Amino acid sequence: SLRRSPKLPSSSSSQVLEMQAAAQMLRVAGLARHRGARTLGRDRWFSAVTTHVVGQIGSLDYRLQFKDTFGKSISPWHDIPLKAGEHYNCLIEIPKNTKPKMEVATKEEANPIAQDVKKGKLRDYHGPIFWNYGMLPQTWEDPNVVHKETNCAGDNDPVDVVEIGSEALASGTVEPVKVLGVLAMIDDGELDWKIIGIRASDKLAPELNDISCVEAKCPGVISGIREWFRWYKTPDGKPLNAFGYDEKALDKKMALEVIEETHDAWKKLREGKTDKGKLWTGN
């Protein structure tokens with residue numbers, strides 16, 4: 001995996017101290033440290049990634065930047081490959097059991113991880129998210145394309161991943177995940193796919209091969225994910241989020257189709273065949 005000494009973010013002084021301590025524990029446990037290189041994807045070598053913190057954790061200026069082994073700045077969205085052998089790379093933005101809403105800044109140069117800002121203030125979830133949350137590099141939900149089944153266009157972001165493994169993964173960690181299924185969340189009229197997956201090295205991963213396995217081996221997890229994302233914006237006075245396909249968690253086959261479609265959309269974005277608007281694509 002591509003784990004690199006990231007520090008867990010927060011938005012208050014007490015949370016900063018707690019999460020810095022948590023980051024140290026992750027480093028000691030070897031969850032945020034890696035040296036050397038590994039093969040990712042077919043016949044492609046991808047050097048180990050390092051992260052570099054700019055600004056103070058829990059501030060508007062905080063950025064987690066990414067570099068290759070030569071010290072060259074890279075984009076975690078565009079430069080980390082989608083595939084990791086038979087699995088898919090997942091960039092963790094928000095560690096499980098934390099509240100600061102960290103995300104890849106799609107409109108900033110080199111797309112660092114930053115804390116989301118709303119009305120000039122750092123944004124936290126109202127309660128912790130119970131799974132590691134991140135995105136698939138080299139994917140994009142095209143806002144110019146209306147999905148036939150849901151009649152909604154994409155949300156203009158990379159595809160989200162809910163990683164259901166047993167360990168908390170630090171923000172900035174890149175891990176190969178087994179794709180298990182997907183939820184078609186509809187947020188304010190936009191389609192916002194939620195891939196459900198598990199870190200390939202998780203102790204439970206060998207027992208989970210499709211969404212039906214999650215229902216059997218981890219009862220309550222899928223409904224928990226659905227309900228968490230249904231309700232999480234309501235404390236701000238926003239309506240409940242909805243889900244397409246009769247709210248069903250779709251199987252691995254469908255999830256892989258979503259990944260393929262959004263990867264193709266990303267390719268067109270990078271090639272300049274689709275209007276990028278304010279997005280930073282490196283072109």
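## Two pockets and the strand they share

The second largest pocket has a volume of about 400 Å³. This is a predicted model, and the pocket is a good place to enter it. Which residues lie closest to the centre of this pocket? They are Asp-142, Val-145, Glu-261, Thr-262 and Ala-265, out of 20 residues in the lining. Three elements each give two or more residues to that lining: β15 (153-154), β18 and α4 (252-270). Of the contributors, α4 gives the most, with eight residues. By class, the lining divides into ten nonpolar, four polar and six charged residues.

Now turn to the largest pocket. Its volume is about 1,100 Å³. The lining counts 40 residues, and those nearest the centre are Lys-101, Glu-103, Asp-116, Arg-123 and Asp-157. Strands supply much of the list of elements here. Those that give two or more residues are β7 (87-94), β9 (102-104), β10 (113-115), β11 (117-118), β14 (132-135) and β18 (190-199). What is the class make-up of this lining? It has 20 charged residues, 16 nonpolar and four polar.

One strand appears in both accounts. β18 gives two or more residues to the lining of the largest pocket, and β18 also does so for the second largest. It deserves a closer look. Is β18 largely enclosed or open? Nine of its ten residues are buried, so β18 is largely enclosed by the rest of the structure.

The pairing of β18 can be followed strand by strand. Start with β15. Two bridges join β15 to β18, and the two run parallel. Within this pair, Ala-153 has Glu-190 of β18 as its bridge partner. Next comes β16, residues 160-163. It also pairs with β18 in the parallel sense, over four bridges. Here Val-162 is matched with Ile-196 of β18. Then there is β17, residues 174-187. This strand runs antiparallel to β18, and ten bridges join the two. One of the matched pairs sets Val-177 against Arg-199 of β18.

β17 and β18 form a hairpin, with two residues between the strands. Asp-188 in this hairpin takes a positive phi near 55°. Two further residues deserve a check of their backbone angles. Ala-110 has a phi near 70°, a positive value in a residue other than glycine. Its place is in the loop between β9 and β10. Both of those strands give residues to the lining of the largest pocket. Is Ala-110 buried or exposed? Its relative accessible area is 14%, so Ala-110 counts as buried. Tyr-245 also has a positive phi, near 55°, and is likewise not a glycine. This residue lies in the loop between β19 (242-243) and α4. That loop leads back to α4, the element that gives the most to the lining of the second largest pocket.

Go next to β7, another contributor to the lining of the largest pocket. Asn-89 sits in this strand. With a relative accessible area of 1%, Asn-89 is buried. What does its side chain reach? One contact is with the backbone oxygen of Pro-81, at 2.9 Å. Another is with the backbone oxygen of Lys-83, at 3.4 Å. Both partners are therefore backbone oxygens, reached by the side chain of a residue that is itself buried.

The cysteines come next. Cys-90 is buried, at a relative accessible area of 1%. Cys-152 also counts as buried, at 9% relative accessibility. A disulfide is a covalent bond between the sulfur atoms of two cysteines. How many disulfides does the model hold? The count comes to zero.

End on β14, which also helps to line the largest pocket. Gly-134 is found in this strand. Its relative accessible area is 0%, so Gly-134 is buried. Compare its position with that of Ile-195. The two residues are 61 apart in sequence, and their C-alpha atoms are 9.7 Å apart in space.

Notes: Residues are numbered from 1 along each chain as its sequence is written. This is a predicted model: local features need pLDDT of at least 70, side-chain atom pairs count only at pLDDT 80 or more; totals for chains, interfaces and linings use all residues. Side-chain values use heavy atoms; hydrogens and water are left out. On a 1 Å grid over the protein atoms alone, a cavity is a set of points where a 1.4 Å probe fits but cannot get out, and a pocket is an open set with protein on both sides within 12 Å along at least five of seven lines; lining residues have an atom within 4 Å of a point. Grid points are joined across faces, edges and corners, and a volume is the space filled by probe spheres set on the points. Ala, Val, Leu, Ile, Met, Phe, Trp, Tyr, Cys and Pro count as nonpolar, Asp, Glu, Lys and Arg as charged, and the others, Gly among them, as polar. Buried means under 20% relative accessible area, exposed over 50%, partly exposed in between (1.4 Å probe, protein chains only). A polar contact is a pair of N or O atoms within 3.5 Å; within protein, one must be able to donate a hydrogen and the other to accept it, and residues adjacent in sequence count only if both atoms are side-chain atoms. Two strands pair if DSSP finds at least two bridges between them. A disulfide is a pair of cysteine sulfur atoms within 2.5 Å.
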